[in-house]
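Grab a viewer and a pencil. Here are some exercises to work through on a protein model, each with a solution.

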Amino acid sequence: MLTTNFSQLNLSKEFLKNLDSLSYKELTPIQGLSLPLSLQNSDLIAQAKTGSGKTVAFSIPVVNKLNVKDFKIQSLILAPTRELANQIAQELRKLSRHIHNVKILTLCGGMPFKPQALSLYHGAHIVVGTPGRILKHIQQENISLNTISTLVLDEADKMLDMGFYDDIMQIIDSLPKHRQTLLFSATYEKNIENLASNIMINPEFVKIENEEKTSINQEFYQVEESEKTALIPALISSNKAKSILIFCNMKITCDKLADDLYDLGLDVLTLHSDLEQKQRDETIVLFSNKSYPILIATDVASRGLHIDDVDLVINYDLSLDEKIHTHRIGRTARAGKGGLAVSLCTQNDEERVEVIKEKFTDIKEKNISELEDDLSYKIDSDLRTIFINGGKKHKLRAGDILGALTAGIGLNKEDIGKIDILDFCSYVAINKEKIEYVLDKLSKSKIKGKYYRIYEK
Ligand code: ADP
Ligand code: MG
């Protein structure tokens, strides 16, 4: 069973209280897998991507084991860079707040050497540092590591990439053989396996699979505000998109864009909170049954919508935060299908662009000059929608409507698309070639024994 709560771990009350005060309420997955083992003093290799909480994962056993009264170096943590070593030291300080007088020392290259030697002379419980500098202190006999009971290698993959293998092996030569070794890494390749087999004893191995890469391709275009609207037809045609969801940050932008696109010959639907619920429901039906290919929406109005199969999401305005961005682009590439999300970014968006780029590392930056407007491409749907003024409250079911259309008026099943039955009305997507026929015939025939009014939407 996966451990999810810190209270499931065998930690002191004070430690748990401290964790709680740090707002660490639940274990991250890699913590859940590794802590039950590392707290048992096992050697451990843990692999998980950046940001998965590895620092806390190795710091908890280090702090848990700490005997503050024994003023000797008990744990050594090696990290590839000074910045990372400082972050780790900071985390360790937070995690050991419930213990008094814990001395944590960072020893990194690029910092004055002599003061480090002096600090070492004064002693420490935990040393965090970069391999080169620690080795130098060993060689100059400033540091004695024979009291170490825990060795941590953080970002082991990076340390090896940076050529620290020999330094690490030399450092380990001066450590006690009997110790716990924890190795954390974002990747696990042959070189790490080699290192591990040389420095660990029967290590446990835990791994959190990187989430599947989304199949959403993202493109960012740097544009002027005034260029945005004219780009929409080009984006649609160059991608041969059939179902397009366009996000704006404000209702007024939605309406303006809808007008402007209409002038450019595109028939669009809009969805925002000024519209009545009935209109909104209808809009969603018409877009999701594919009788209208373009929907312009605000975030509020589109929250919680189930619209699948959108093949192009356009962020006409870049979203105000990265979570909304994630939400928006998730509308494409549903069910494993590849999709494209295009964001139009102006100079004002610069900061937000940076934040988003940090999260999604595979964003392609494109130039509008690369856009090839395919003039032969006509965006139009093969389907139209008929409205029937009867729904669930009239006990109509999809089968009744299907029957009236096929057995009743002789339509082929292939000419019928999605059927949506709402409380008081229903919508049926129909091949547009057959729409006149259906309007004429269906209004003259009964559905489940009754006549209904039929319109085109
Ligand atoms: P990694 O080393 O895997 O890249 P970090 O250790 O830097 O990730 O952790 C990323 C962030 O997650 C940090 O800000 C850290 O404070 C936070 N964090 C770690 N563990 C937890 C937890 N159990 N609950 C909430 N936040 C956590
Ligand atoms: Mg880390």
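The exercises below cover two sheets, the helices against them, and a ligand site.

Some ground rules first: this is a predicted model, where local features need pLDDT of at least 70, side-chain atom pairs count only at pLDDT 80 or more, and totals for chains, interfaces and linings use all residues. Residues are numbered from 1 along each chain as its sequence is written, chains are lettered from A and ligands numbered from 1 in the order in which they are written, and side-chain values use heavy atoms, with hydrogens and water left out.

**Exercise 1. Work out the strand order of the parallel sheet, and find its edges.**

Step 1: Pick out the strands (DSSP runs of E, at least two residues, numbered from the N terminus; helices are H or I runs of at least four). Two of them pair if DSSP finds at least two bridges between them.

Step 2: Put the 7 strands in line, and you get an open, parallel sheet reading β10-β11-β9-β12-β13-β8-β14. At the edges sit β10 (268-271) and β14 (364-366), each pairing on one side only. From one strand to the next the twist averages 20 degrees, with axes fitted to C-alpha atoms (for helices, over the stretch in contact) and angles running from 0 to 180 degrees between N-to-C directions.

Step 3: Zoom in on one pair. β8 (residues 216-222) runs parallel to β13 (residues 339-345) over 7 bridges, and E219 has V342 in β13 as its bridge partner.

**Exercise 2. Do the same for the antiparallel sheet, then place helix α17 on it.**

Step 1: This open sheet has 4 strands, ordered β16-β17-β15-β18 and paired antiparallel.

Step 2: β16 (416-421) and β18 (454-456) each have a single partner strand, so one side of each has no neighbour in the sheet. The strand-to-strand twist averages 25 degrees here.

Step 3: Check a pair: β16 and β17 (residues 426-431) are joined antiparallel over 4 bridges, with I419 bridging to V428 in β17.

Step 4: Now add α17 (residues 435-442), which lies across β15, β17 and β18 at about 15 degrees to β15. Contact here means heavy atoms within 4.5 Å.

**Exercise 3. Which residues come nearest to ligand 1, and how much of the ligand is buried?**

Step 1: Collect the shell, meaning residues with a heavy atom within 4 Å. There are 14, with Y24, E26, Q31, G51 and T55 nearest. Helix α3 (residues 54-65) gives the most, 3 residues.

Step 2: Look for polar contacts (N or O pairs within 3.5 Å; within protein, one must be able to donate a hydrogen and the other to accept it, and residues adjacent in sequence count only if both atoms are side-chain atoms). A polar side-chain atom of Q31 is 2.8 Å from a ligand 1 nitrogen. A backbone N or O atom of S52 lies 3.0 Å from an oxygen of ligand 1.

Step 3: Finish with area (Shrake-Rupley method, 1.4 Å probe; for residues, only the protein chains shown count as cover). Ligand 1 alone exposes 560 Å², and the protein buries 69% of that.
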